[in-house]
Amino acid sequence: MSQISGAQAIVKCLLEENVDTIFGYPGGAVIDLYDELSNCPDLTHVLVRHEQAAVHAADGYARVTGEVGVALLTSGPGATNGVTGIATAYMDSIPIVILTGQVPTPLIGNDAFQEVDIVGITRPCTKHNYLVNSKEELVEVMREAFHVARTGRPGPVLVDLPKDIIKDGIEFEDRKPIRMQSYQPNYEPHMGQVEKACRLITEARKPVLYVGGGVILSDGATELTELATKLNIPVTMTLMGLGAFPGHHELSMGMLGMHGTYTANMAVAESDLLISVGARFDDRVTGKLDTFATNAKIIHIDIDPTSISKNVKVDVPIVADCKKALTAMNSWFNNQQDISVEAEKAKHQDWFNKITNWQELHPLGYQDEGEQIKPQYVVEMLDKLTNGDAIVATEVGQHQMWAAQFYRFSDPRRFLTSGGLGTMGYGFPAAIGAKLARPDKICIDIAGDGSIQMNIQELATARQYNTPVKIAILNNQFLGMVRQWQELFYDKRYASTVMDIAPDFVKLAQAYGAVGLRATKKSEVEDVIKEALAVDNTVLMDFKISREEGVFPMVPAGKSNTEMLLV
Amino acid sequence: MKHTLSVLLQNKPGVLSRVTGLFSGRGFNIESLCVAETLDPKVSCLTVITKGDNAIIEQITKQLHKLIDVIKVVDIDEGEFVEREMVLIRVNAEEHTRAEVLRIIDIFRGKVVDVSPNSYAIEVTGSSSKIEAIIDILRPIGIQEIVRTGKIAIARGRASKKGVT
Ligand SMILES: Cc1ncc(C[n+]2csc(CCOP(=O)(O)OP(=O)(O)O)c2C)c(N)n1
Ligand SMILES: [Mg+2]
């Protein structure tokens with residue numbers, strides 16, 4: 001067998017995994033790998049303007065495709081700049097592989113130029129990570145990294161590549177099935193547990209499906225919709241679960257938790273059975289734990305055993321892939337002789353009526369005030385003008401919650417948001433990654449005026465690759481979400497949340513060669529959006545919204561979910 | 001409640017810090033920790049004594065198992081087991097106390113492993129309470145230095161304790 005360089009081997013491994021796009025930023029430690037990449041027509045390298053954006057873009061790419069996203073960073077500061085992106089992907093269980101350059105093996109540990117122990121730094125925020133210790137293990141590690149990232153509960157995997165190993169010659173061995181003694185994720189549900197869960201459902205009169213990102217990650221949305229509609233069970237979604245069930249469906253109660261709908265929070269509080277699928281009882285969802293779903297038995301389906309009974313005691317745990325568990329439950333109901341699906345459905349009619357009543361009493365809403373632009377209205381118009389079918393990324397803050405509340409996603413893999421870590425600066429690079437993965441789709445970043453400035457430099461990336469992402473800034477000249485807390489809980493002391501010194505975003509867009517549009521009145525909103533969608537270029541829309549608008553309903557931190565502040 | 005967990009790990013660089021990082025990052029407590037190679041040089045065995053109610057121990061075992069390099073986690077306390085710890089003690093041994101020290105060592109089935117003109121270094125193995133006991137008895141004579149290994153444990157009978165998966 002002939003020898004090839006480490007760099008060639010890495011590229012071969014990427015092609016083996018069907019990678020077509022990688023996001024990165026060069027430097028001395030990875031210069032040989034970049035040299036090799038430039039010889040490879042099958043791999044597009046997207047040069048970002050900051051390494052954090054490379055990781056977010058790979059993450060956005062992964063969220064919309066379900067494939068593993070790839071980022072390539074140089075050693076030292078390149079790698080540390082990527083850490084926020086890695087932690088973001090980790091908290092949301094997104095499969096990405098991050099390749100970092102490292103100083104040559106003999107120099108490791110010597111405080112060499114641009115040396116950092118990135119494996120040590122990222123140990124708690126990766127699913128797994130590797131320092132390639134010898135050239136012999138390079139190919140095996142690359143293959144394992146992709147395997148670990150995409151299987152089980154997905155997550156980011158980092159591979160640290162010393163420069164000498166990238167340069168050295170190695171034998172490239174053919175792929176064989178990956179066998180890892182200590183890592184064998186379980187996908188199959190235990191049929192006894194499935195039966196128990198289904199029996200519990202037949203006993204329930206007020207069931208609620210509480211679904212999270214696990215349904216989307218396992219591509220189980222169809223199976224979820226089948227179960228919900230077959231049995232007439234209302235559905236509420238976490239922030240990460242939005243899109244797992246069609247937002248316009250009559251059984252959809254929207255999001256639950258801190259900024260969830262009145263209906264969803266009331267329904268969970270009153271339910272007698274909570275069927276949790278791919279969600280993890282996060283504190284933003286449960287509010288005060290001892291008052292969360294106190295009347296309910298709980299079924300918890302999750303691929304990660306550590307999520308089960310972590311925060312809430314569970315009656316029927318099912319450790320499995322969400323899609324497979326839902327499929328098993330559907331076929332149980334279809335095939336069980338003593339069960340009539342119609343009769344099961346009928347059992348929930350009173351409950352459904354009650355829910356409809358709540359929905360009519362307290363729908364999501366906002367007060368229209370003449371020509372002022374209400375942020376919710378902007379999101380509603382975006383929804384309307386894209387038929388609820390755009391890919392929507394967000395930054396973090398009020399605008400993120402308005403996007404979650406007012407854009408009704410009909411499909412999974414359309415909503416990209418940093419749910420777990422809450423990373424401002426996530427949305428724009430993620431939208432670029434998404435648009436490159438799905439050029440056929442409209443990609444919008446719903447942004448805040450604060451957040452967009454965290455990765456605004458990516459306008460150059462978007463321009464370089466002709467990525468017509470549309471940015472909609474809901475500009476309140478505040479770090480609005482923090483301001484809202486200050487308004488409600490700190491006597492309106494707006495400490496360091498006023499952002500009235502900011503660039504002219506329209507001119508800024510133009511400076512990058514993108515298009516900048518602005519709306520200052522409600523009547524301009526629709527035209528601005530239409531124009532933005534019509535232009536084949538990166539567009540930044542600056543919506544001057546009513547500055548002190550709040551996100552409601554709101555459950556104050558530490559309070560019960562039924563103690564909502566309403567509009 | 002105290003629990004003794006026996007954890008089989010891939011014997012690779014950095015694996016120990018994955019385990020200790022997990023304990024510190026999630027606020028779990030470590031009372032003692034011992035790690036060494038097993039019969040299979042690619043695998044090491046870590047014995048960790050930790051404290052917590054059942055829910056915490058359940059989380060610890062699950063979280064440990066979630067680490068990619070962890071092969072098996074056994075909660076030794078779920079069955080019968082033998083635990084041992086070793087201590088090395090340098091104790092004063094002047095003319096008038098030498099005989100006394102030797103007698104105590106004998107009672108505890110310890111060994112003298114080093115002698116100097118006015119001290120003995122001794123080795124004692126046993127349960128933690130036995131180790132505590134000899135330390136208490138030697139203290140009045142004058143202990144100069146103590147090094148303890150931390151506990152290791154093995155299940156009684158066949159190696160059939162159920163792994164937590
Ligand atoms: C990187 C980062 N720093 C700080 C925060 C804390 N934080 C959460 S929301 C928010 C305000 C965001 O302001 P903006 O982007 O203008 O959005 P708005 O809430 O006004 O819609 C801040 C500072 C965060 N989530 N992420
Ligand atoms: Mg703002």
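The following exchange examines a predicted model, with attention to the contact of chain A and chain B and to a sheet in chain B.

User: What makes Asp304(A) and Lys66(B) a salt bridge?

Analyst: The closest N and O atoms of Asp304(A) and Lys66(B) are 2.7 Å apart. The rule asks for a side-chain nitrogen of Lys or Arg within 4 Å of a carboxyl oxygen of Asp or Glu, so the pair qualifies. Across this interface the rule finds one salt bridge, while nine residue pairs are in polar contact.

User: How many residues does each chain bring to the contact, and which three supply the most area on the side of chain A?

Analyst: Chain A contributes 19 residues and chain B 16 residues. Between them the chains bury about 1500 Å², 47% of it on carbon and sulfur atoms. Arg123(A), Ser182(A) and Thr306(A) provide 38% of the area that chain A buries against chain B, more than any other three residues.

User: Why are strand 2 and strand 4 of chain B said to stand at the edges?

Analyst: Four strands of chain B form an open sheet in the order 2-3-1-4, with antiparallel pairing. Strand 2 (32–37) and strand 4 (70–75) each have a single partner strand, so one side of each lacks a neighbour in the sheet.

User: How do you know that strand 2 and strand 3 of chain B are paired?

Analyst: Six bridges join strand 2 to strand 3 (residues 43–51) of chain B. Pairing requires at least two bridges, so these strands are counted as paired. Leu33(B), for instance, has Val48(B) in strand 3 as its bridge partner.

Technical notes
Residues numbered from 1 in each chain as written. Chains lettered and ligands numbered in written order. Predicted model: local features only at pLDDT ≥ 70, side-chain atom pairs only at ≥ 80, totals over all residues. Heavy atoms only, no water. Contact = heavy atoms within 4.5 Å. Buried area = accessible area lost by both parts, 1.4 Å probe. Polar contact = N/O pair within 3.5 Å; in protein donor to acceptor, adjacent residues only side chain to side chain.
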